[in-house]
Each structure stands twice: as structure tokens, then as C-alpha cells.
Amino acid sequence: MSEVLNETTGPKLVGESRGVHSHTLQIFSLKFKMVKNEVMVDEIPFPSQFMMNTKPLPLIGHGITDIEIHFLQIKFTAIGVYLDPQIVTHLQQWKGKTGAELTENDDFFEAIVIAPVDKFLRVVVIKEIKGSQYGVQLESAIRDRLAEVDKYEEDEEEALEKIVEFFQSKYFKKNSVITYSFPATSGRAKISLATEGKEDSEIEVENANVVEMIKKWYLGGSRGVSPTTISSLANNLSAELSK
């Protein structure tokens, strides 16, 4: 039996730095291995499946957010991306492409973002951070993306303010978990936070434009917050498409 993480299980996330976007990060430094139906991502266990809407979603990609300062690698979070296996039916035009080719193809990741399938992100904090810091990082990244495509209006601003307020009083200790649930059938998302193994709180994001940009923050190809996660997704989906 595979170990399955239920959506009711508390989640937690760690903050990200804008500097994480750099592709100079040592992708080779990411340590991962399978242990008893778990994937160890930099010594943090991720269940091989997550149950969402009564359907098991396999772990398709994983990585970390980090930054290098004066030759010192600072790790912020570990990330697991769970996707409905049906996503491959929406990616057939990339069949036969290698993982390296897909990693550099932003159209491929755009297709992942918009594909009408269930998606779930599990983010585990490695380095402690204030919730207010994480909220500001998220707000800045999402606002910039919305502004670039002229979609940052009052409704989007209000939705982002609610997310920032949600994180404002939180403190993300090591191993805290933030999860993002993206149902296939709606443009909404649920963000949940769990600390010390207990689910603390959750918020529903109803603005479809904001939800789309949150997806792109983590799954956005060359602009994704975690190059290691993007590379992992590309390699694993390339393998799935070749079957």
C-alpha cells in the first residue's frame, strides 16, 4: 500500500526569495531518494501520493527554493508537486521531447498551469521565516505578474490583501507546511497552513487571475520560483509522455 497524504492533513510552507530564480543554483545539490513509498527531498519526506477529491494524485515533481550568498547555499523550502495523471493527455504535443528541452520550454509549463486537472502543491519550511515576510514575497510576485498582463485591478488587489492578512500573524517554524489545492473544476484555490503537525488555518482564494499567477509562481517554467522543481517536472513528465 502506498502512503497517501490526505487533504485534511495540515500543510505548511516556507518563504521564498526573489533571488531564487537564478539558474546558477546547483541543481545537483538537491538530494532525493525513495524510502517506503516516500520521496526524500533534501532529507524531508514527501508522500508518494496525495488524496484530493477522493482521487490519488502522484508526486510528479519536487525541488527546493534556495539562494547562494558568498558561496553559501541557504535553503528555504522543499516543494512537492502532485498532479492528476490525466495531465499527460493535455501535453501530447510535447511527446518525444527530452527533459532538458522541456525545462527550457515555457509554453509547456503554461500548458501545465492551464490544464483542467487537479493540482496540489505541498511546501515544507526548511529555514524559519515570518508569515508576514512570506506573504509580502507572494504578494510582490503575483502583483508583478498580473501587472505585466494588465490584470491587476481592484478585485485582484483585494484578493491579494486577504492572502497577506492570512499570513501576517503566522510564524513558519522548520517543518511547517503550506499547501495549495487547485481543483480542476473551478478557478479557486485553497491555501492551508500547518505547524507542528497540526492544521492551523486555511483560506480560499476566489479570484481566478490571482489563482492562475500563484500556479505560475511555482509552475511557471523559467520564471518559476524553484528551478530544481521545474527541472524535476520536465524530466518526469517527459518520461510519462514517452510511455
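## A hairpin to start

Strands β11 and β12 form a hairpin, with six residues between them. The two strands run antiparallel, and five bridges join them. In this pairing, valine 177 of β11 stands opposite alanine 194 of β12. The model is a predicted one.

β11 also pairs with strand β8, residues 119–125. Six bridges join β8 to β11, and these strands run antiparallel. Here lysine 119 stands opposite phenylalanine 182 in β11.

## A covered strand

How many of the six residues of β11 are buried? Six of the six are, so the strand counts as mostly covered; buried means under 20% relative accessible area.

In a regular strand, side chains alternate between the two faces of the sheet. Both faces of β11 are covered. Val177, Thr179 and Ser181 are buried on one side. Ile178, Tyr180 and Phe182 are buried on the other.

## A helix with two sides

Helix α4 spans residues 154–168, which makes 15 residues. From first C-alpha to last, α4 reaches 21 Å. That is close to the 21 Å expected at 1.5 Å a residue.

Which residues of α4 are buried? They are Glu156, Ala159, Leu160, Ile163, Val164, Phe166 and Phe167. They sit on the same side of α4, because they cover an arc of only 155 degrees around the axis. An α-helix has 3.6 residues a turn, so residues three or four places apart point the same way.

The face turned away from the buried side of α4 looks quite unlike this list: Glu154, Asp155 and Glu165 are exposed there. What covers the buried residues of α4? The cover includes two helices, α3 (131–148) and α5 (208–219). It also includes the strands β10 (171–172), β11 (177–182), β12 (189–195) and β13 (198–205). The hairpin strands β11 and β12 are thus part of that cover.

## A pocket

The second largest pocket has a volume of about 250 Å³. It is lined by 14 residues. The closest to its centre are Glu110, Arg145, Lys216, Gly220 and Arg223.

Which elements give two or more residues to this lining? They are α2 (106–114), α3 and α5. Helices α3 and α5 also help to cover the buried residues of α4.

## The whole protein

The protein has six helices and 13 strands. Of its 243 residues, 52% are buried.

Contacts also link distant parts of the sequence. Among contacts between residues at least 6 apart in sequence, 72% join residues at least 24 apart.

Conventions
Residues are numbered from 1 along each chain as its sequence is written. This is a predicted model: local features need pLDDT of at least 70, side-chain atom pairs count only at pLDDT 80 or more; totals for chains, interfaces and linings use all residues. Side-chain values use heavy atoms; hydrogens and water are left out. Helices (H or I, at least four residues) and strands (E, at least two) are DSSP runs, numbered from the N terminus. The expected span of a helix is 1.5 Å times one less than its number of residues. Buried means under 20% relative accessible area, exposed over 50%, partly exposed in between (1.4 Å probe, protein chains only). The arc is that of the directions from the helix axis to the C-beta atoms. Contact means heavy atoms within 4.5 Å. Two strands pair if DSSP finds at least two bridges between them. On a 1 Å grid over the protein atoms alone, a cavity is a set of points where a 1.4 Å probe fits but cannot get out, and a pocket is an open set with protein on both sides within 12 Å along at least five of seven lines; lining residues have an atom within 4 Å of a point. Grid points are joined across faces, edges and corners, and a volume is the space filled by probe spheres set on the points.
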